[in-house]
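Subject: Structure handover

Hello,

Please find the structure below, followed by notes on what was found in it. Keep it open while you read, and look up each residue as it comes.

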Amino acid sequence: MESVVIYDSMFAYKNRPSSAPSQLTTQYSQPFTLLHYPYIIQYPLQPIEMPHTPISPAILYFGTPVAILSSENEDGTSNLAPMSSVWWLGHRCMLGLDASSKTPQNILRTKECVINLPSSDMVDHVNALALTTGSDPVSASKQERNYEFVKDKWTRANLTPLPSSLIQPHRILECPVQMECELTMTHPMLQDLFGTSGPLYALEMRVVKIWVRDELRMDWYDNRIDPDKWQPMIMSFQELYGLEGRKLGLSKLGGVREEKYRGLAEVDDVKTAEKFGADALA
Ligand SMILES: Cc1cc2nc3c(=O)[nH]c(=O)nc-3n(C[C@H](O)[C@H](O)[C@H](O)COP(=O)(O)O)c2cc1C
């Protein structure tokens, strides 16, 4: 940890006595300061230790819900894929997916998928799907991480298909929340480095139908989910958690060494070094 004493902060500046200097000035002659600490001022209230250290983890999975996507294969069967780079705004949802996976290929072709949300007690189902792909042959990067091709992931994970109402891919009976979705926009990620045929996609989905188990609904309301009742499964750095902060057991994905994902971080490191100099990565 860097141990540099800094003098805090905008709070101190705003609350300075009227006799204190009113101009913002930097405290340091050290090279990093202005960029990262634009509000460091000379008027000190109290010295504090700098508690942060710059590091470069291979992955930045700080904690998002696990979803299981169901998408339709060319032959009309449906494929399942656990994923967690997912967030919602309104009735739109963004999915972050590895372009080599079967699921984005299915979604780009059919423009549809179901986003199923497993509850925190469904770890065994998620682990059964971990390190499997519906793509044959398995991509080189997935072979590196010991993935295997599995054609029928429903049987593999002991999950039950239910017909959807507006789209073709099936819902998963065991998941308490199921969202039927259609694709509205495709954003190839890392275009600045790879053009439009890069290794990742961000897919914008429109949620067209939402199914929830009755026991999750808020009393007295037609259209609300009770957050006291909903127990999502959260993935944080490849490990699986419930909202109470407890690890839910062994995560099969957690067996993959984080450094195996380093390649994607590295391409951006090159760009950072070009822009800010090699020292920026230190
Ligand atoms: C808990 C969990 C979370 C995952 N999150 C993602 C993710 O957000 N994006 C992604 O592309 N892959 C993610 N994966 C890996 C995919 O499941 C993997 O790429 C799989 O091969 C996709 O299946 P498919 O090729 O049949 O589509 C995750 C796996 C697990 C077990």
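A place to start is leucine 69, which stands opposite isoleucine 115 in strand E8. Before going further, please note that this is a predicted model.

That pair belongs to a longer contact between two strands: E4 (residues 67-72) and E8 pair in the antiparallel sense over three bridges. On the side of strand E13 (residues 177-188), E8 is joined by six bridges, again antiparallel. Two pairs show how E8 and E13 line up. Asparagine 116 stands opposite glutamine 178 in E13, and isoleucine 115 has methionine 179 in E13 as its bridge partner.

How much of E8 is buried? Strand E8 covers residues 112-117, and six of its six residues are buried. In a regular strand the side chains alternate between the two faces of the sheet. In E8, Glu112, Val114 and Asn116 lie on one side and Cys113, Ile115 and Leu117 on the other, and both of these faces are covered.

The sheet

E8 is part of an open sheet of seven strands, whose order is E5-E4-E8-E13-E14-E7-E6, with antiparallel pairing. E5 and strand E6 (86-89) stand at the edges with a single partner strand each, so one side of each has no neighbour in the sheet. On average, and ignoring direction, neighbouring strands of this sheet are turned by 30° against each other.

Further along the order, E13 and E14 run antiparallel and are joined by 11 bridges. Leucine 183 has methionine 205 in E14 as its bridge partner. Strand E14 (residues 200-212) also pairs with E7, in the antiparallel sense and over seven bridges. There, arginine 92 has arginine 206 in E14 as its bridge partner.

The helix across the sheet

Which strands does helix H3 lie across? They are E4, E5, E7, E8, E13 and E14, and H3 runs at about 50° to E4. The buried residues of H3 are Lys102, Thr103, Pro104, Asn106 and Ile107. Just after H3 comes lysine 111, with a positive phi of about 65°.

The nonpolar core

The largest nonpolar core has 34 residues, and within it Ile68 and Ile115 touch the most other members. Elements giving two or more residues to this core are E4, E5, E7, E8, helix H4 (123-129), E13 and E14. Which residues does isoleucine 115 contact, leaving aside its neighbours within four places in sequence? They are Ala67, Leu69, Cys93, Met179 and Cys181. Two of these have already come up: Leu69 is the residue opposite isoleucine 115, and Met179 is its bridge partner in E13.

Around the ligand

How many residues surround the ligand? There are 21, and the closest are Ser85, Ser101, Thr103, Thr133 and Gly134. Thr103 is also among the buried residues of H3. By type, the shell around the ligand divides into 10 nonpolar, nine polar and two charged residues. At least two residues of the shell come from each of strand E5 (78-83), strand E7 (92-98) and helix H3 (102-110). E5 gives the most, with four residues. This is also one of the edge strands of the seven-stranded sheet.

A second sheet

There is also an open sheet of three strands, in the order E3-E15-E16, and its pairing is antiparallel. Its edge strands are E3 (64-65) and E16 (239-241), each of which pairs on one side only. Strand E15 (residues 234-236) is joined to E3 by two bridges, and these two strands run antiparallel. Here proline 65 stands opposite isoleucine 234 in E15.

The whole chain

Some overall numbers to finish. The chain has eight helices and 16 strands. Of its 282 residues, 24% count as buried. Taking contacts between residues at least 6 apart in sequence, 60% join residues at least 24 apart. The pair of leucine 69 and isoleucine 115, from the start of these notes, links E4 to E8 in the seven-stranded sheet.

Regards

Conventions
Residues numbered from 1 in each chain as written. Predicted model: local features only at pLDDT ≥ 70, side-chain atom pairs only at ≥ 80, totals over all residues. Near = placed C-beta within 6 Å. Nonpolar A, V, L, I, M, F, W, Y, C, P; charged D, E, K, R; others polar. Buried ≥ 20, exposed ≤ 12 C-beta atoms within 10 Å, placed from the backbone. Pairing = 2+ DSSP bridges. Axes fitted to C-alpha atoms, helices over the stretch in contact; angles between N-to-C directions. Contact = placed C-beta atoms within 7 Å. Core = buried A, V, L, I, M, F, W, Y, C linked by C-beta atoms within 7 Å.
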